Structure formats: structure tokens, C-alpha cells
Amino acid sequence: MNKLTVLLGLAFFIAVLSVLAADKPGETRCYELRTYYAAPGKLEELHARFRDHTCKLFEKHGMVNLGYWVPLDNSENKLIYLLAYPSREAREKSWKEFMADPDWQAAYKASEVNGKLVNKFESVFLTGTEYSPEIKPSKGSEPRTFELRTYTATAGNLAALDARFRDHTIKLFSKHGMENIGYWHLMPDQTDTDKTLIYLLAHKSKEEAGASFKAFGADPDWVAARKASEEKAGGPLTVQGGVKSVFLAPTDYSQTK
């Protein structure tokens, strides 16, 4: 076999790998962000039920526990948690089996002998963006404070907002000491799916988050990226008041902390 044949064979092999990589499917998992509002005085009992029963039973039925948090300012007695499933269909199957599980029914009944633990809950279904880091449970070497941020894009500009995050923002967040945990869009059947970006950051503390964002906002690279993206779009990429932030503390039983 001469050198030319070897080189041609190598070139063909690389080309095949490139095609396969280009055809590699993106994120297909379904994520669910759930918010529980505990009844007055019942938040600790709700934690106990998750710690001792619910998390294990979720895993038993094919759900992935990604993390459990409470807001630093928790005047509404919230518990916020994130689950992952192989697909939306798998989610429905898992929940049906979980609810029918005798172990769950017994734990639920025993925990509510003295009254219900949850007054109401909210749920949104998400899909990971193509630029999100791998979304998986993680534990920092030191305690971390988390920040859940929700952006509402101006009409027709969600793709432009995604491009700015993909090409500039997430790298600059890392540069200024912020850890990118995950980025999501709403699934197609959710309200405002065409304008919503949700993401989760980790900081050393809420105070460190403030310092990081101050440095990020003053970074010439960010200033230039923002200016260019807004000039191209003909205005801001988010609506007025369209950036919401909630600082979170992980629970003791959280898989991400």
C-alpha cells in the first residue's frame, strides 16, 4: 500500500467522522421544573418526605433527580426542584407508576396525618438548549449559591438571544467566576415557548454574584457583544423587566449543591 492510498483512506475516514458528528442528535431529554408551595409550618415535613421517600421513589421509577432548592428569601415556603426524563412520554409513564406505588401511597398517607404538606404546585416542561453544558447533578468543593434566571425575549428575538449566549455570554460568565449549570427552552406546548430562556448559575455566594455581574457588565467584550447584537436586532433582545432572578440554597438532600 503506497503513501497516497493511506492518505486518501485517512481523509475518507475523517470525512465520515465529520458527517456522523454533524448528524449527532442534540439534547432529547425532557426536563421538569417543579415549584411546591408548602402549607404554613409544613416545609420541614415536606423536606423530610423528599429526603426519606420521594427522591428514592423517583429514581426507582426512572426519574433523574437533578437538584432541590429553596429561595434565600422564602416568604412563600417554596421548594423548587428539577427532574429529567428520557422523553415526555417516559415522564408520563414514570409519574403514573410512581403515584401507584404502594410505598409512595404509604409515605404520602403517613406524612399527611396532621394535614396536607403542599397547598399548590407549578410545573413547566423544558428542553436543553444546544449550547448548554451537560446537565447533570454536581457538587462543588465549597458551598454554592444558585441563581435561577428567566429571560423574556422581544418579539422574534429568542434565536438572537440564544446566539449571544452561545457565542459570548456563557464564556464571559465563566471568565467572571460564574458557573454555568444548565440552559433551557420551554417545550413547544408550554406558554411563551417562543420567547423564554431559563438558565441556572452557581456562585460562591449572593454577594459574589453581585461582584461577578458588575465585572461582567463592565467587560469590553460584553459591551461590544451586546451592542452588536442589539444593532443587528434593531433594539434590545429582552423586553423591559424581562430578566427575572431568584437566588437559591440547595437542600441537604439535593443532588446538586
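**A guided look at a barrel and its helices**

Guide: Let's start with helix α2 (residues 43-60), which lies across β1 (30-38), β2 (64-71), β3 (78-85) and β4 (118-128) and runs at about 170° to β2. Bear in mind that this is a predicted model.

Visitor: What makes α2 roughly antiparallel or roughly parallel to β2?

Guide: The angle settles that one. Anything over 145 degrees counts as roughly antiparallel, and α2 runs at about 170° to β2, so the pair falls in that class.

Visitor: How many helices and strands are there in the protein?

Guide: There are 7 helices and 8 strands. The 8 strands close into a barrel, in the order β1-β3-β2-β8-β5-β7-β6-β4, with antiparallel pairing. From one strand to the next, the twist averages 35°.

Visitor: How do you know that β5 and β8 pair?

Guide: Count the bridges. Two strands pair if DSSP finds at least two bridges between them; β5 (residues 145-153) and β8 (residues 238-250) have 7, so they qualify, in the antiparallel sense. For landmarks, Thr150 has Lys244 of β8 as its bridge partner, while Arg149 stands opposite Ser245 in β8.

Visitor: What makes β2 and β8 a pair?

Guide: They're joined by 3 bridges, again antiparallel. The cut-off is at least two, so 3 will do. Val70 is bridged there to Ala249 of β8.

Visitor: Which strands are joined to β3, and by how many bridges?

Guide: β1 is joined to β3 by 8 bridges, and β2 is joined to β3 by 5; both pairings are antiparallel. Arg34 has Tyr81 of β3 as its bridge partner, and Val64 has Ala84. The hairpin of β2 and β3 has 6 residues between the strands, and Asn77 takes a positive phi near 55° in that hairpin.

Visitor: Why is β3 called mostly covered?

Guide: Buried means under 20% relative accessible area, and 8 of the 8 residues in β3 are buried. In a regular strand the side chains alternate between the two faces of the sheet. Here Lys78, Ile80, Leu82 and Ala84 point one way, Leu79, Tyr81, Leu83 and Tyr85 point the other way, and all are buried. For the protein as a whole, 44% of the 257 residues count as buried.

Visitor: Why are α5 and α7 called roughly antiparallel?

Guide: The axes of α5 (residues 158-175) and α7 (residues 220-233) come within 10 Å and cross at roughly 160°. The class begins over 145 degrees, so the two helices are roughly antiparallel to each other. The contact is made by Arg164, His168, Thr169, Leu172 and Lys175 of α5 and Asp221, Trp222, Ala225, Arg226, Ser229 and Glu230 of α7. Those residues divide into 3 nonpolar, 3 polar and 5 charged. The crossing of α5 past α7 is left-handed.

Visitor: What makes α3 and α4 oblique?

Guide: Helix α3 (residues 88-100) packs against helix α4 (residues 102-111) at about 60°, with the axes 5 Å apart. Roughly parallel needs under 35 degrees and roughly perpendicular starts at 65, so an angle of about 60° leaves α3 and α4 oblique to each other. Phe98, Met99 and Ala100 of α3 make the contact with Pro102, Trp104 and Gln105 of α4. That contact divides into 5 nonpolar, 1 polar and no charged residues.

Notes. Residues numbered from 1 in each chain as written. Predicted model: local features only at pLDDT ≥ 70, side-chain atom pairs only at ≥ 80, totals over all residues. Heavy atoms only, no water. Helix = DSSP H or I, 4+ residues; strand = E, 2+ residues; numbered from the N terminus. Axes fitted to C-alpha atoms, helices over the stretch in contact; angles between N-to-C directions. Contact = heavy atoms within 4.5 Å. Parallel < 35°, antiparallel > 145°, perpendicular 65-115°, else oblique. Left-handed = near helix turned anticlockwise from the far one by under 90°. Nonpolar A, V, L, I, M, F, W, Y, C, P; charged D, E, K, R; others polar. Buried < 20%, exposed > 50% of the residue type's maximum accessible area, 1.4 Å probe, protein only.
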